[in-house]
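Q: I have a structure open on my screen and would like to learn how to read its features. Could you take me through a few of them?

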Amino acid sequence: MTAMKKRASPPTLWLGLQLILWLSVLACTLALIGIGSRSPSPAALVEVPFSGTPKIAFLFLARSNLPLDFLWHAFFQNAEEDKYSIYIHSEPGFVFDRTTTRSPFFFGRQIQDSIKVVWGEATMIEAERLLFAAALKDPANRRFALISDSCVPLYNFSYIYNYVMSSSKSFVDSFLDKREGRYNPKMFPTIPKDRWRKGSQWTILVRKHAQIVVADTVVFPEFRRFCKRRIEPVLGGKQNHKEATQKEHNCIPDEHYMQTLLSMNQLEDELERRTLTYTSWNQSIDAQEKNNWHPKKFEFADASLQHITEIRNINHIYYETEYRTEWCQCNVIFVPCFLFARKFSRSAAMRILKEGLIGPFDAGAVLFTSS
């Protein structure tokens with residue numbers, strides 16, 4: 001009987017090992033699903049053959065409503081319908097209809113799987129990924145433009161469309177981050193330091209690069225774990241807590257994610273390494289405001305034709321950390337650097353509209369209260 005039991009034990013052991021192996025595979029699969037929780041569906045990544053008029057997908061990141069909807073209404077009013085699409089990430093449950101927006105161009109354009117976004121956290125890039133995933137479902141969308149809810153166009157639709165479509169590259173502000181120390185060594189080896197980049201989150205991607213952003217299951221989890229905004233100590237707090245806080249890495253995810261992801265995929269040769277959205281930083285004479293994380297807000301007085309023309313005439317950008325001057329080009333043709341600008345108040349946006357910078361508009365169709 002003892003001998004028979006010994007002969008029966010190897011198959012039992014083998015079955016046990018197989019069970020452990022399958023359980024390990026299942027556990028790894030569930031772990032990967034957990035890492036990509038709330039990440040876009042892989043179905044959005046399936047490329048569908050396309051022949052027809054290419055579209056620009058305008059991806060609006062909104063807190064809730066779009067405060068400058070009247071300006072964008074005039075912009076899309078002068079556009080060809082088959083050349084653009086609109087997607088909005090807003091607060092969960094917020095619906096764009098007649099009660100929440102002045103423009104029918106935005107009716108029902110919100111994505112359904114939106115999340116609560118907190119500035120300086122990975123939820124910002126998570127929202128961007130959800131927008132890209134939604135827009136990728138339409139094979140006609142060939143360019144994907146991230147737009148702030150305080151952003152204004154500097155030209156009419158036709159000019160912007162031809163400018164963007166004339167380049168086969170993505171427009172991604174991307175440069176070496178040598179000064180601020182935002183890179184967290186805990187990201188290594190998943191994210192090597194020599195691939196760490198910084199830049200504006202306001203990008204315009206070609207379809208291939210948008211798919212890479214949506215498909216990413218490697219870089220985004222690292223950002224969610226290790227790239228976080230430092231919470232400044234409250235005045236009067238304990239000294240030891242203040243010192244510990246100052247040692248933390250102060251990382252703003254949306255200023256690094258897309259740049260670093262594309263750098264890690266060896267795609268920088270496929271980029272125009274600049275943003276098409278103008279932002280004014282550190283213009284205040286107040287020292288405290290100069291250190292503020294947020295850019296200057298354009299008011300009515302700042303939106304004169306002369307000032308907007310000055311922004312339009314910018315033709316190069318200097319990157320201090322790389323000692324690099326980026327002369328703005330599309331297909332080796334020198335062009336203005338910026339197509340959009342932020343952050344604009346409602347009164348400033350209305351002044352742009354009245355100046356006719358984005359084309360004719362029907363004032364009677366736009367009802368608003370001046371800010």
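Q: How many residues does helix α3 have, and what does it reach from its first C-alpha to its last?
A: Keep in mind throughout that this is a predicted model. Helix α3 covers residues 123-136, which makes 14 residues, and it reaches 20 Å from its first C-alpha to its last. That is close to the 20 Å expected at 1.5 Å a residue.

Q: Is α3 largely enclosed or not?
A: A general idea helps here: an α-helix has 3.6 residues a turn, so residues three or four places apart point the same way. To judge the surroundings, look at burial, where buried means under 20% relative accessible area. In α3, 14 of the 14 residues are buried, so the rest of the structure largely encloses this helix.

Q: Which side chains of strand β11 are buried, and which are not?
A: In a regular strand the side chains alternate between the two faces of the sheet. Strand β11 (residues 316-319) shows that alternation: I317 and Y319 point to one face and are buried. H316 and Y318 point to the other face and are not buried.

Q: Which strand do bridges join to β11?
A: That is β12 (residues 324-327), joined to β11 by 4 bridges, with the two strands running antiparallel. Across the pair, H316 stands opposite W327 in β12. The two strands form a hairpin with 4 residues between them, and Y323 in the turn has a positive phi of about 50 degrees.

Q: How many disulfides does the structure hold?
A: It holds 2 disulfides. If you number the bonded cysteines of the chain in sequence order, the pairing reads 1-2, 3-4.

Q: What parts does the pair C227 and C251 tie together?
A: A disulfide joins C227 to C251, with 1.8 Å from S to S. C227 lies in the loop between α6 and α7 and C251 in the loop between α7 and α8, so the pair ties together parts that are 24 residues apart in sequence. The link is left-handed, with -75 degrees about the S-S bond. C227 counts as buried at 1% relative accessibility, and C251 is buried at 0%.

Q: Is the disulfide of C328 and C337 left-handed or right-handed?
A: Read the torsion about the S-S bond: here it is about 90 degrees, so this disulfide is right-handed. The S to S distance between C328 and C337 is 1.9 Å, and both cysteines are buried.

Q: Which cysteine sulfur is nearest to C330?
A: That of C328, at 8.9 Å, and C330 is in no disulfide. C330 is buried too, with a relative accessible area of 4%.

Methods:
Residues numbered from 1 in each chain as written. Predicted model: local features only at pLDDT ≥ 70, side-chain atom pairs only at ≥ 80, totals over all residues. Heavy atoms only, no water. Buried < 20%, exposed > 50% of the residue type's maximum accessible area, 1.4 Å probe, protein only. Pairing = 2+ DSSP bridges. Expected span 1.5 Å × (residues − 1). Disulfide = S-S within 2.5 Å.
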